[in-house]
Amino acid sequence: MDNYLLKTVAIGTAAIVMAACSSAPAPAPSEAPPAASTAPKPVEPVSGKTAFYEMYKPARQWATDLQPLSLASGELAGFKNADGKAALWTAVFVSPSLAQARHFTYAIATVGTVSRGVSADPPERWSGPTKAAMAFQNSDIQVDSDAAFKTAATKGADWLKEHADKKWTIELGSASRFPAPVWYILWGDAKAGGYAQFVNASTGEIVAK
């Protein structure tokens with residue numbers, strides 16, 4: 001093949017390559033990843049166990065032999081408690097070795113004189129357990145406040161239909177007349193026609209009054 005033919009073949013090959021390149025679709029522009037949401041997560045009420053363990057951690061620094069004596073829901077202005085969850089919780093821990101009791105509070109937000117997070121009162125003298133107020137173990141709390149609330153609300157569904165406006169409170173405690181610590185859920189006023197149920201904190205079952 002003479003030089004003329006070699007040049008012709010070379011020119012033809014280059015033309016085919018360039019034509020192929022020019023006909024290839026342009027790559028699609030890469031999409032930018034969606035921007036991460038910067039909106040703050042709304043602050044909501046929490047269950048009793050969630051608040052309990054938030055308070056238990058600093059309480060252990062006060063006394064290593066501490067035991068829970070009670071846990072109770074509370075209200076915080078601007079927030080609505082619902083379904084066994086509350087914006088404010090108060091726990092009482094006791095130390096047998098120190099013969100002392102101490103109140104700890106957990107709040108989901110700072111409101112007025114109440115600070116967000118855990119706060120504690122000074123220790124008080126504790127004379128020991130009574131039949132009506134006995135210390136218990138963390139492992140006894142197998143059922144959370146929201147589950148206990150649901151059980152109690154289901155049991156009292158008929159009453160609650162007629163008293164939907166009644167506020168509720170929930171407390172955790174142990175007494176000699178119960179086989180295990182119980183959640184005490186109360187709607188309205190116990191002395192003025194309210195409705196209450198006891199729920200076993202270990203099994204989740206309704207306890208006879």
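The following exercises, each with a worked solution, concern a predicted model of one protein chain.

**Exercise 1. The chain as a whole**

Determine how many helices and strands the chain has, and in what order its elements run.

*Solution.* Begin with the count: the secondary structure comes to 4 helices and 9 strands. Next, read the elements from the N terminus on, which gives α-α-β-β-β-β-β-α-α-β-β-β-β. Turn then to burial: of the 209 residues of the chain, 35% count as buried. Finally, consider the contacts between residues at least 6 apart in sequence; among these, 57% join residues at least 24 apart.

**Exercise 2. Helix α2**

Describe the span of helix α2, locate its kink, and state which elements cover its buried residues.

*Solution.* Step one concerns length. Helix α2 covers residues 48-62, has 15 residues, and reaches 21 Å from its first C-alpha to its last. This span is close to the 21 Å expected at 1.5 Å a residue.

Step two concerns the axis. At Y56 there is a kink of about 30°, and the proline P58 follows shortly after.

Step three concerns burial. The buried residues of α2 are G48, A51, F52, M55, Y56, A59 and W62. A general rule helps in reading this list: an α-helix has 3.6 residues a turn, so residues three or four places apart point the same way.

Step four identifies the cover. The buried residues of α2 are covered by elements that include the strands β1 (67-74), β2 (88-95), β3, β4 (117-120) and β7 (182-187), together with helix α3 (145-155).

**Exercise 3. Two alanines, A107 and A109**

Establish where A107 and A109 lie, and whether each is buried or exposed.

*Solution.* First, place the residues. A107 lies in strand β3, which comprises residues 100-107, whereas A109 is in the loop between β3 and β4.

Second, apply the cut-off for burial, which is a relative accessible area under 20%. A107 has a relative accessible area of 1% and is therefore buried. A109 has 12% relative accessibility, so A109 also counts as buried.

Third, list the contacts, leaving aside neighbours within four places in sequence. A107 is in contact with L76, A87, L88, V114, S115, R116 and G117. For A109 the partners are L76, F79, V114, S115 and R116.

Fourth, set distance in sequence beside distance in space. A107 and L88 are 19 residues apart in sequence, yet their C-alpha atoms are 4.6 Å apart. A109 and A87 are 22 residues apart along the chain, and 7.8 Å separates their C-alpha atoms.

**Exercise 4. The pockets**

State the volume and lining of the largest pocket and of the second largest pocket.

*Solution.* Take the largest pocket first. Its volume is about 290 Å³. The lining consists of 13 residues, and K80, N81, K166, K167 and W168 lie nearest the centre of this pocket. By character, the lining divides into 6 nonpolar, 1 polar and 6 charged residues.

Now take the second largest pocket, which holds about 200 Å³ of space. Its lining is made up of S70, A132, E171, L172, G173, S174, A175, R177, F178, V182, Y184 and F198. The elements that give two or more residues to this lining are β6 (168-173) and β7. The largest share, 3 residues, comes from β6. By character, the lining of the second largest pocket divides into 7 nonpolar, 3 polar and 2 charged residues.

How values were computed:
Residues are numbered from 1 along each chain as its sequence is written. This is a predicted model: local features need pLDDT of at least 70, side-chain atom pairs count only at pLDDT 80 or more; totals for chains, interfaces and linings use all residues. Side-chain values use heavy atoms; hydrogens and water are left out. Buried means under 20% relative accessible area, exposed over 50%, partly exposed in between (1.4 Å probe, protein chains only). Contact means heavy atoms within 4.5 Å. The expected span of a helix is 1.5 Å times one less than its number of residues. The bend at a residue is the angle between axes fitted to the seven residues ending there and the seven starting there. On a 1 Å grid over the protein atoms alone, a cavity is a set of points where a 1.4 Å probe fits but cannot get out, and a pocket is an open set with protein on both sides within 12 Å along at least five of seven lines; lining residues have an atom within 4 Å of a point. Grid points are joined across faces, edges and corners, and a volume is the space filled by probe spheres set on the points. Ala, Val, Leu, Ile, Met, Phe, Trp, Tyr, Cys and Pro count as nonpolar, Asp, Glu, Lys and Arg as charged, and the others, Gly among them, as polar.
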